Amino acid sequence: MVFKGIGNFLGVNGAPQHTARGSPEGNSTEQSLLRNPVPGRWHDQKAEENSGYKRKLFNFLGNCIPGGLSFKEADERLKKVGPNVPVGNLYSPWWELFWNAFWHPFNIILFVLSALCFVAGDKANGSIMVVMVIVSVSLRFYQEFSSSKAALKLSELVKASIKVQRCAGRVVQTELQVQIDQKDVVPGDIIIFSSGDLFPGDVRLLSSQAVVVSQSSLTGESGIVEKTADIIEEPNTPLLELRNICFMGTSVVSGSGTGVVVSTREKTYISTILSALGRQNPPDAFEKGVKRVSYMLICFMLVIVPIIIIVDYLTTHGWERSILFGITVAVGLTPQMLPLIVNTNLAKGAFAMARDKCIVKRLVAIQNMGSMDVLCTDKTGTLTMDRVVMVHHLDSWGMSSDNILYFTFLNSYFQTGFKNPLDDAILAYVYTGGYKFEPTKWIRINELPFDFSRRRMSVILEEINHNHVHGNKQPLVQRIMVTKGAYEEVLKVCSFFQNNIHDDSLEPLSSEEYQRLFNMGDELSNDGLRVIGVAKRKLKPAATEISCNEIVEENMVFLGFLAFFDPPKESVKEALWRLAEKGVKVKVLTGDNLPVAIKVCKEVGIRTTNVITGPELALLEDKMFDEVVQKVTVLAKLTPVQKLQVVESLKMGNHIVGFLGDGINDSLALKGADVGISVDSGASVAKDSADIILLEKDLNVLVAGVERGRITHGNSMKYIKLAVTANFGTVVSLFVATACLPFDPLTPMQLLTQYLLYDISQLFIPWDKMDAEYVRIPHKWSAQDIASFMLWNGPASSIFDIATFFFICWYYDAATVARQEFFHAAWFVEGIVMHILVIHMIRTEKILFIQRNASWPVICVTAVICAIGIAFPYTVIGKTMAMESLPFSYFGFLVVIILGYIFIGQLVKMAYIYVYKRWL
């Protein structure tokens with residue numbers, strides 16, 4: 001390892017004395033940096049100007065060992081500073097999870113109501129409310145704590161490996177390059193990076209080869225910045241403008257190099273920002289909707305409860321009793337199980353998706369997965385096998401040429417940047433084809449790595465003359481630059497073409513010849529082949545190295561074409577058909593040229609009637625841009641920023657957009673989509689930007705994820721619509737009964753017991769199954785739909801509650817105070833049975849118990865609760881609560897009520913579906 005220029009890396013005068021590893025001075029300096037690597041707060045403007053930090057960093061680098069840390073010292077530092085996990089990715093401790101489980105509006109309301117009961121002297125009801133809070137908080141805490149541990153285990157399946165340099169050996173130190181997990185990186189580690197890597201900490205560059213970095217995770221800007229090791233910065237340079245420092249969370253767009261890790265964990269620049277500002281994804285439509293429903297129910301409670309208290313006082317003439325009754329009604333209007341059931345549903349969906357080889361990084365993304373109606377996907381590796389094979393190496397006249405293959409092989413062999421499948425195909429073709437090319441005759445001088453704007457890369461090589469050696473140096477006889485890339489981009493930098501391969505005769509690249517070569521490349525592309533161009537240029541031999549800034553791709557000689565084939569996957573047609581059947585439109589967003597994209601899309605069954613390219617999109621005005629994006633199915637030659645613009649345009653068009661990508665150029669679109677989907681084999685920055693990771697790059701895995709997302713979404717909607725419907729129906733029934741009776745329809749303790757049984761009966765909704773018709777199409781959240789559903793279905797159950805009320809009062813003469821225990825028992829049992837019926841009525845759009853049954857867990861728990869409710873008046877607890885045993889004739893009437901509700905409820909359901917074309 002060359003430790004070049006460290007002494008003056010930030011413009012600080014003087015170089016430090018090298019301190020041996022393990023010396024007191026060295027340990028003191030390093031420990032000081034580990035304890036407080038940043039004087040003040042990095043995100044503070046003044047801290048950016050602080051030269052004291054830079055001097056500490058300078059001393060720390062001076063104390064590093066050029067060969068890297070030993071394994072023993074690395075382990076000691078890891079124990080001292082802890083796993084390298086940024087603040088935003090640290091899992092909450094148990095006490096924080098417990099506080100979050102408690103601090104919810106519904107729990108606070110119940111807690112306040114219980115306090116009011118204790119103040120009023122009703123300790124029994126107050127105790128029941130406290131128990132309900134404890135049960136709700138405990139269940140939610142247990143679920144979130146279990147989910148947190150499960151998420152930690154699942155996250156271990158998606159690992160970011162970092163290549164570091166370590167020293168081994170007690171006497172003779174041997175330098176080794178090893179792959180370790182990002183969480184095991186410690187300050188002082190020397191890392192080796194290339195295109196696509198994420199920096200595991202704040203890093204000072206030691207060497208660099210045309211390093212270009214994206215700092216969008218810090219700045220929010222999509223632009224890129226160049227980084228270099230060989231530069232001396234001024235002491236007052238702002239941190240984010242330091243060109244020799246790379247920060248944790250930023251990604252390498254192109255180039256390669258080495259660097260020493262300065263800070264990890266909470267002491268990195270990004271962690272100091274996250275610790276002050278927090279990093280939370282903006283709430284999606286479902287999260288906003290759940291909050292909106294919660295606060296709607298709270299407002300509804302605040303309005304209706306005072307009315308019920310006043311009406312109850314007018315009939316019972318007791319303020320204390322009326323207030324207690326109103327408090328109990330308020331408890332019933334508080335769906336305290338909402339956060340628990342929604343979170344349980346999401347966690348269950350995450351586990352189910354993990355079995356389907358989908359790792360969920362963000363739980364709420366499951367809802368968006370189910371609501372997704374547009375999927376934007378890359379072409380390579382998703383629609384195709386991602387196993388590129390080379391099939392042609394042609395000269396400028398379309399003839400097979402080993403000379404072209406030779407120079408292309410040298411380019412791929414000597415490049416040190418991110419090797420894509422084309423490089424692997426070139427090397428495999430040469431090695432397996434019996435070619436005896438000798439790369440040892442050349443040495444690499446420098447290179448200009450590939451980037452997404454130029455779409456080409458170049459290497460500069462010098463040939464070694466082995467027959468003439470003086471001293472320790474070998475004279476250099478030839479220097480060339482070999483360029484390969486997209487053939488249209490390579491042709492742009494060429495002024496000549498090789499007319500005859502055997503005699504190296506050159507011809508000027510006239511406009512006619514340019515068009516001929518361009519058409520030749522198009523013809524190959526139209527055949528479904530991936531085509532690149534190859535060019536070279538002779539340079540003057542020089543004794544000094546050439547920097548990246550001095551490399552100029554111009555006046556080159558075009559050698560010819562290489563053609564590759566990436567066949568479509570056999571399973572793609574079936575997966576696309578299944579997605580279309582489920583209402584998900586697929587759009588292909590690719591950086592490849594349009595003819596190749598069209599060829600592949602035709603073979604897999606994607607319509608290619610409306611297509612467009614990135615340069616054409618760039619010419620459109622905003623309104624026309626949105627209109628075109630809605631219509632086209634294939635978008636080719638897109639830049640990373642254009643992919644993001646397409647995703648945002650689709651979202652503005654009222655679509656729930658998913659984006660499937662695995663490359664560096666997909667990271668912006670992955671972050672901007674409603675649900676970003678990557679694969680375990682993707683680039684680190686792509687996996688970091690995604691919400692869901694597929695363990696297999698197969699669209700059929702994604703189809704399974706969509707189905708699971710819709711089941712999760714549907715079960716969440718069941719509970720939400722059940723809560724608003726049941727609450728509305730309960731309020732109407734209680735209001736009528738309170739206004740007509742000289743006593744409370746149910747005592748506070750009876751109401752609380754009824755509510756507790758209601759809550760238990762709903763606990764297993766996340767384990768319910770969904771109708772096939774629901775899973776077939778995507779569904780979006782609609783607050784208006786929730787309100788209309790409540791107004792349609794709430795009164796349906798109230799009608800039979802009120803019918804029961806009048807029947808009890810008329811047939812059993814139970815409208816008097818003397819018969820109130822009988823009324824309480826009859827009303828209690830009817831309320832339990834009716835609530836169970838509402839659950840089964842709402843859970844499906846089909847006829848309950850005939851066309852579609854619930855899952856066995858739901859059937860069992862609702863049957864048990866129903867049995868408990870019916871048996872309650874006959875038990876000791878029922879007698880204690882002042883309930884009277886019911887005659888069997890009452891249950892005959894109850895059967896009539898059940899059948900009547902099933903009939904009327906089904907009519908209301910059919911009418912609602914006819915009007916709104918949906919149920920849940």
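Tutor: Contact here means heavy atoms within 4.5 Å. The model is predicted.

Student: Which residues is Val430 in contact with, leaving aside its neighbours within four places in sequence?
Tutor: Val430 is found in helix H15, residues 421–432. With neighbours within four places set aside, its contacts are Leu405, Phe409, Tyr435 and Phe437.

Student: Why does Val430 count as buried?
Tutor: The cut-off for buried is under 20% relative accessible area. Val430 falls under it, because its relative accessible area is 2%.

Student: How many residues are in the second, separate core that includes Val430?
Tutor: First, the largest nonpolar core has 137 residues. A second core is separate from it and includes Val388, Ala425, Val430 and Leu562. The size of that second core is 27 residues.

Student: What separates the C-alpha atoms of Val430 and Met390 in space?
Tutor: Along the chain, Val430 and Met390 are 40 residues apart. Their C-alpha atoms are separated by 9.9 Å.

Student: Which helix gives the largest share of the largest nonpolar core?
Tutor: Among the 137 residues of the largest core, those touching the most other members are Leu375, Ile677, Ile692, Leu694, Leu699 and Phe823. The largest share of this core is 16 residues, and it comes from helix H29, residues 820–842.

Student: Which residues does Ile692 touch, not counting those up to four places away in sequence?
Tutor: Ile692 is one of the residues that touch the most other members of the largest core. Residues up to four places away in sequence are not counted. Ile692 then touches Met353, Cys358, Ile359, Val360, Ala365, Met369, Val675, Gly676, Ile677 and Ser678.

Student: Is Lys721 buried or exposed?
Tutor: Lys721 lies in helix H25. Leaving aside neighbours within four places, Lys721 is in contact with Asp785, Ile786, Phe789, Ile842, Trp919 and Leu920. Its relative accessibility is 0%, so Lys721 counts as buried.

Student: How far apart in space are Lys721 and Arg843, C-alpha to C-alpha?
Tutor: In sequence, Lys721 and Arg843 are 122 residues apart. C-alpha to C-alpha, the distance is 9.3 Å.

Student: Are H25 and H28 roughly parallel or oblique to each other?
Tutor: Helix H25 (residues 699–740) and helix H28 (residues 783–811) pack at an angle of about 40 degrees, with axes 7 Å apart. Their crossing is right-handed. Roughly parallel needs an angle under 35 degrees. H25 and H28 are therefore oblique.

Student: How many residues of H26 are buried?
Tutor: Helix H26 runs over residues 748–762 and has 15 residues. Its buried residues include Leu751, Leu752, Tyr755, Leu757 and Tyr758. H26 is mostly covered, and its buried count is twelve.

Student: Are H26 and H30 roughly parallel or roughly antiparallel to each other?
Tutor: H26 and helix H30 (residues 856–871) pack at about 165 degrees, with their axes 8 Å apart. H26 passes H30 in a right-handed crossing. An angle over 145 degrees counts as roughly antiparallel. So H26 and H30 are roughly antiparallel.

Student: Which residues in H30 do Leu757, Ile760 and Ser761 meet?
Tutor: Leu757, Ile760 and Ser761 are in H26. Two of them, Leu757 and Ser761, are among the buried residues of H26. On the H30 side, the residues met are Val861, Thr862, Ile865 and Ile868.

Student: What distance separates the end C-alpha atoms of H32?
Tutor: Helix H32 covers residues 888–916 and has 29 residues. At 1.5 Å a residue, H32 should span 42 Å. The end C-alpha atoms agree with that, at 41 Å.

Student: What phi does Lys917 take just after H32?
Tutor: Most residues other than glycine have a negative phi. Lys917 is not a glycine, yet its phi is positive. Lys917 counts as exposed, because its relative accessibility is 65%. The phi of Lys917 is about 60 degrees.

Student: Where does Lys357 lie?
Tutor: Lys357 also has a positive phi, about 70 degrees, although it is not a glycine. Its relative accessible area is 36%, so Lys357 is partly exposed. Lys357 lies in the loop between helix H12 (338–355) and strand E9 (358–360).

Student: What share of the protein's residues count as buried?
Tutor: The protein has 32 helices and 24 strands. Of its 920 residues, the share that count as buried is 56%.

Conventions. Residues are numbered from 1 along each chain as its sequence is written. This is a predicted model: local features need pLDDT of at least 70, side-chain atom pairs count only at pLDDT 80 or more; totals for chains, interfaces and linings use all residues. Side-chain values use heavy atoms; hydrogens and water are left out. Helices (H or I, at least four residues) and strands (E, at least two) are DSSP runs, numbered from the N terminus. The expected span of a helix is 1.5 Å times one less than its number of residues. Buried means under 20% relative accessible area, exposed over 50%, partly exposed in between (1.4 Å probe, protein chains only). A nonpolar core is a set of buried Ala, Val, Leu, Ile, Met, Phe, Trp, Tyr and Cys residues joined through side-chain atoms within 4.5 Å. Axes are lines fitted to C-alpha atoms, for helices over the stretch in contact, and angles run from 0 to 180 degrees between N-to-C directions. Angles under 35 degrees count as roughly parallel, over 145 as roughly antiparallel, 65 to 115 as roughly perpendicular and the rest as oblique. A crossing is left-handed if the near helix is turned anticlockwise from the far one by less than a right angle, and right-handed if clockwise.
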